[in-house]
Amino acid sequence: MRVGKALALALALASVGPGVVRAQQSGSKPGASAKPGPASGPASVPPDGQPPGEKPVQKPPKREQPGQAQAHDAASVAGAPTPDQARGIARAEPDGAGNKLRVIPRIVLFPARVLLAVVDAPFRGGFWLYERYQLRNRFKAIFFNDTGTVGLYPVAFVETGFGLNAGLRFIHRDLYRKASLKARASFGGPFQQIFAVKLGSGELFSDQLEVGLEAEYEARPKDRFFGIGNGDTVEAVPAPVDPYEDPAAVDTRFRQTVSHLSAGADLHVAGPLSARLSSALVWKTFDQSEAGDIPADKALDLSYDPAALPGFVDGVSYSYNELELRLDTRSAADRYEMSTLPSTGWLLSGFGGLARDFGTRERVDYLRYGVDLQRYIRLAQNPRLIALRVYVEGVSGDDDEIPFVDLPRLGGPLLLRGYLRDRFRDRVLGLASIEYQFDIGHMFTGFLFGDAGRVYPALSDVKIEDIRLAYGGGLQMQTPKSFIGRISVATSTDGGLIFNFSFDPVYDPKARVERK
Amino acid sequence: MATHRHTRAGATALVLGALGLGVAACGGASPAGQLRFHNQAPIRVVNDRKNLDKKPDEAVFYKALYHFDGFWHKRIDRWMKMPRVQRAQSVNSLDEVPDSTWFTNRIGARDLSLDEIRSGPNQTGTPEDHKPWVIKSSKVGGVTVGFVIVDQRGVKYVLKFDDPVGPEMETAADVVLQRLLWACGFNVPEDYIVHFRREDLVRAPDASIKDPMGNETPMTEKFIDMQLAKINVGKDGSIRGLVSQFIPGVPIGGYKRDGVREDDPNDTIPHQLRRETRGLYAINSWLDHTDMKEDNTLDTYIEDPRNPDVHYVDHYLIDFGKGLGTQGYLNQRRWVGFTYLVDFGQMAASLFTLGLYHRPWEGRTSPDILGVGILESEKYDPSSWKTYTPSYFPFHDHDRFDGFWGAKILIRFTREQIRLAVEQGQFSDPRAVPYLTETLIQRQRKTARYWFALVNPLDRFEVSRGDRGARLCFEDLTVRYKLDGEPTHYSARAFDYDGQALDWTGRAVPGPDGRACVEGVRPAASHDGYTVIELRTERRGADLPPTLIHIAAERRGGGRLRVIGLRRL
């Protein structure tokens with residue numbers, strides 16, 4: 001997906017549309033021809049319906065009607081002067097001072113021209129190769145079938161602080177009535193390994209209902225853990241603490257593997273109203289990160305007592321079932337604004353889900369719930385808009401029955417930007433966000449945002465105190481058909497500067513099952 | 001009024017001109033300048049039809065590289081190269097374009113009948129009466145649906161269709177622009193809007209699907225059906241399409257945006273210095289033909305119609321379906337015609353003002369009329385109109401003289417002619433023709449008003465001998481087309497071949513038809529009576545840049561005076 005987007009971006013910038021080689025296309029351009037005169041062709045269709053035979057080549061029609069205009073030919077213009085003699089100049093006007101003075105900047109800028117030629121040479125050569133050898137089509141020919149519905153191709157992405165992830169993806173877009181099968185295996189970056197298979201129903205049942213099945217395994221070698229609660233960051237603690245008792249936040253890493261089998265059904269109920277039912281079987285195991293994956297002082301057990309983290313020691317296995325109802329009226333205001341950049345409407349989403357272990361490991365039993373409310377206010381055309389969001393998520397259950405990784409989290413490129421990913425986690429999170437988006441040109445949108453939020457031990461503890469504030473801005477890129485990515489720089493009242501590059505739209509709610 | 005481009009260029013010219021004036025003043029330069037013409041009739045046709053024994057090589061169009069160069073590399077390099085600022089070269093002594101393989105004077109030189117506008121270049125006749133059509137191959141590229149077909153007469157066409165998002169839009173825009181651009185004088189293919197049914201298409205036994213890599217696979221009926229499923233088909237099964245007849249000759253690619261075709265000795269004037277390519281800017285802005293690029297031109301190596309032993313290259317404009325606001329509508333881009341696909345200046349202005357910068361295209365919208373794109377006249381600005389990409393260099397190099405040339409041609413279209421051309425689009429919504437006609441007329445007048453204000457818009461000079469000396473008559477295009485009702489005065493003075501002032505001045509005012517004459521010119525005694533008449537126009541209390549008209553007596557024919565050249569300043 002990410003490479004696909006990156007590729008789409010590169011191609012969009014590179015070719016400004018689909019690239020074709022003129023030599024091969026010339027036969028298809030309007031008015032183009034392959035041979036002089038109207039091409040030879042059939043005269044009539046025989047009675048048996050077979051295409052007719054060829055006709056003798058005709059003379060090309062004259063392009064001016066006699067008597068209406070000059071119908072020139074080689075003989076009629078034989079005595080005429082050549083084009084460069086047509087001006088009839090006996091004595092030319094001397095060059096103006098302006099033209100003469102141009103020699104100065106011409107000389108001054110000559111080294112810059114040479115530099116430009118050198119710097120641009122690889123790019124120009126690349127573009128030439130790209131089209132001369134039809135690399136895009138060759139890529140498709142190598143990795144996809146003729147109809148483009150079945151493909152096996154490499155994917156890669158880079159995430160700051162985690163490095164390169166690379167692998168292979170298989171896709172079959174049209175199993176039956178647009179049902180799809182996707183499979184992926186990749187390694188590196190935030191994932192040591194990731195394997196996934198996903199089956200989508202497409203229009204198998206109806207265009208109102210889409211069902212998906214997914215199996216995935218991830219090995220994540222260095223996820224972040226800053227303890228639990230809204231505590232301030234400290235460099236270190238004298239001895240490992242129980243994060244449920246001590247709010248000290250130390251930047252540590254741990255290892256986890258996640259496997260899940262899930263099924264989801266999206267039902268378009270009516271108009272903007274839809275429902276999503278998700279069910280998953282989840283297996284998670286945890287461990288210390290390996291020494292080679294993280295700096296030595298980042299090990300989780302140096303700062304926190306792993307035994308105090310539910311599920312850390314023995315892992316967890318549980319089922320999770322969730323129902324989400326969604327009212328989504330977000331849209332572009334008119335056809336000249338991209339549908340990928342909604343500027344008006346509401347999103348009201350409410351969800352509730354239940355997690356229960358299947359008894360093989362530590363006990364899991366909790367309820368997850370939440371509300372996502374978004375409002376887009378269009379200020380001006382093209383558009384300029386304000387996006388408002390309130391997001392609340394909580395879990396309910398005994399502390400020791402809620403795996404520590406399933407606690408609602410804040411921080412990262414989507415929720416409470418300006419803080420590191422998973423900087424805060426606890427039983428309840430609340431987030432309010434305001435973002436001003438303004439179109440700056442084809443496919444590019446600028447944005448400024450402010451996020452305010454924090455986590456709480458319980459709903460009853462919610463108060464407007466010690467709110468964490470983050471703010472920043474950046475650039476977003478999208479095509480009329482898809483969101484490509486956004487890059488932002490953010491900071492917070494706690495300081496620090498966070499650069500984020502996200503391939504997911506900030507205001508698009510993801511299913512909890514997918515979010516893991 | 002955003003006349004910034006020419007204002008900026010004008011300011012530079014003013015500074016450099018002042019320097020030049022200083023130099024000239026030191027040398028005692030005459031207002032008549034140093035340019036002198038041969039005493040001959042202006043050239044109306046040039047010979048660029050000399051035989052080429054060998055077909056020039058096909059110019060391959062590498063789209064990505066072309067646009068990279070257009071957006072960035074060559075655009076910057078061209079600026080740093082600091083080339084001489086040059087006026088168009090492909091003109092005669094009257095600053096007009098003579099007939100050639102590039103251009104044939106039509107409406108700019110004579111009145112076109114309504115029948116000529118109706119038929120345009122189309123002489124073969126629509127293939128609608130010659131069904132079924134035999135599909136020979138798919139259209140290469142595969143981005144849009146299309147077939148190469150042959151009708152029952154054996155005439156070959158490319159068959160294309162409207163984007164389902166904009167029914168009738170591209171097919172209509174194509175034929176409207178095709179008629180108008182042909183009438184302007186450009187070479188264009190024969191294009192027809194056609195209606196047919198699925199059963200009118202017969203697959204040739206050897207029909208093939210061509211991919212961009214040059215591979216060919218046999219075409220099946222299923223493929224044809226799949227392609228037709230992507231387009232609009234009427235409830236009665238009728239399909240609307242556009243057929244573009246193959247141009248005579250062997251295609252050798254588009255003509256370069258700069259330089260010449262090295263292996264064509266007839267191609268002697270760099271394309272960015274051709275008046276036709278530069279002056280097309282004004283015409284394209286009128287028609288909002290934003291899709292101007294090398295790929296939408298085509299050269300063909302053609303056999304001379306009368307002598308099969310002679311071959312040369314003809315130059316065509318092709319593919320007009322993105323005109324009349326269609327490109328903006330289909331691509332859902334309001335800014336098309338106002339800024340480039342990537343315009344760093346506009347982006348920076350929006351970014352650093354956090355979106356507060358109000359861009360000129362904001363507020364534009366398309367009328368809710370089937371077949372009509374986002375074309376309007378209110379926000380249209382002929383001074384800053386832009387193509388979709390900045391890649392076509394002649395449009396960067398055009399000057400006010402090129403714009404004047406284009407405007408002079410486009411203003412000659414009458415309301416009836418424009419309406420008739422629009423009617424060729426065969427719109428099903430009855431509001432389309434009146435809307436487009438009115439919008440094109442408003443844009444036509446706006447375009448002409450702009451360019452006519454940048455030069456002395458006098459034209460159609462005639463000189464004759466009278467009792468009291470020579471009489472120079474001319475037409476003021478601004479008055480002629482009622483673009484400005486302000487009082488106008490002309491003043492004239494004369495100089496001999498050496499630039500010495502003659503003892504004569506003249507004044508005149510225009511008649512209602514824009515015609516005016518200055519009388520009593522006493523031609524100079526030397527060089528066949530070679531006289532340079534400086535004509536100035538005063539309007540709105542200001543002088544427009546003068547025009548120098550060069551007249552001389554014919555050496556034969558009784559010494560009749562004639563205009564042998566002119567120089568617009």
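In this predicted model, Lys210(B) belongs to strand E6 of chain B, which covers residues 201-210. Lys210(B) counts as buried because 21 other C-beta atoms lie within 10 Å, and a residue needs 20 or more to be placed in that class. Apart from neighbours within four places in sequence, the residues in contact with Lys210(B) are Ser137(B), Ser138(B), Val140(B) and Glu216(B). The fold also brings Lys139(B) into this region: Lys210(B) and Lys139(B) are separated by 71 residues in sequence, while their C-alpha atoms are 7.1 Å apart in space.

Strand E6 is part of an open sheet in chain B. Seven strands make up this sheet, in the order E5-E8-E4-E3-E2-E6-E7, and their pairing is mixed. At the edges stand E5 (191-197) and E7 (216-218) of chain B, each of which pairs on one side only. From one strand to the next, the twist averages 35°. Strands of a sheet are joined in pairs by backbone hydrogen bonds, in either a parallel or an antiparallel sense.

One pairing may be followed in detail. In chain B, strand E4 (residues 156-161) and strand E8 (residues 238-245) pair in the antiparallel sense, over five bridges. Within this pairing, Tyr157(B) has Gln245(B) of E8(B) as its bridge partner. A helix also packs on the sheet: H5 of chain B (residues 169-184) touches E5 and E8 of chain B, and the direction of this helix makes about 150° with that of E5(B).

Elsewhere in chain B, two helices pack against one another. Helix H7 (residues 275-287) and helix H11 (residues 400-410) of chain B have axes 7 Å apart and meet at an angle of about 55°. This angle means that H7(B) is oblique to H11(B), and the crossing of the two helices is right-handed. On the side of H7(B), the contact is formed by Arg275(B), Arg278(B), Gly279(B), Leu280(B), Tyr281(B), Ala282(B), Ile283(B) and Trp286(B); H11(B) contributes Asp402(B), Gly403(B), Trp405(B), Gly406(B), Ala407(B), Ile409(B) and Leu410(B). Sorted by class, the contact of H7(B) with H11(B) comprises nine nonpolar, three polar and three charged residues.

Attention now turns to chain A. This chain contains seven helices and 19 strands. It has 516 residues, of which 33% count as buried. Among the contacts in chain A between residues at least 6 apart in sequence, 56% join residues at least 24 apart.

A helix of chain A also packs with a helix of chain B. Helix H5 of chain A (residues 110-132) and helix H2 of chain B (residues 63-71) have axes 7 Å apart and pack at an angle of about 155°. H5(A) is therefore roughly antiparallel to H2(B), since angles over 145 degrees fall in that class. From H5(A), Phe123(A), Arg124(A), Phe127(A), Trp128(A), Tyr130(A) and Glu131(A) take part, and they meet Lys63(B), Ala64(B), Leu65(B) and Phe68(B) in H2(B). The contact of H5(A) with H2(B) includes seven nonpolar and three charged residues, with no polar ones.

H2(B) itself is mostly covered, as nine of its nine residues are buried. Among these buried residues are Lys63(B), Ala64(B), Leu65(B) and Phe68(B), which also meet H5(A). The buried residues of H2(B) further include Tyr66(B), His67(B), Asp69(B), Gly70(B) and Phe71(B).

Notes. Residues are numbered from 1 along each chain as its sequence is written. Chains are lettered from A and ligands numbered from 1 in the order in which they are written. This is a predicted model: local features need pLDDT of at least 70, side-chain atom pairs count only at pLDDT 80 or more; totals for chains, interfaces and linings use all residues. Axes are lines fitted to C-alpha atoms, for helices over the stretch in contact, and angles run from 0 to 180 degrees between N-to-C directions. Helices (H or I, at least four residues) and strands (E, at least two) are DSSP runs, numbered from the N terminus. Angles under 35 degrees count as roughly parallel, over 145 as roughly antiparallel, 65 to 115 as roughly perpendicular and the rest as oblique. Two residues are in contact if their C-beta atoms, placed from the backbone, lie within 7 Å. Ala, Val, Leu, Ile, Met, Phe, Trp, Tyr, Cys and Pro count as nonpolar, Asp, Glu, Lys and Arg as charged, and the others, Gly among them, as polar. A residue is buried if 20 or more other C-beta atoms lie within 10 Å of its own, exposed if 12 or fewer, and partly exposed in between; C-beta atoms are placed from the backbone. A crossing is left-handed if the near helix is turned anticlockwise from the far one by less than a right angle, and right-handed if clockwise. Two strands pair if DSSP finds at least two bridges between them.
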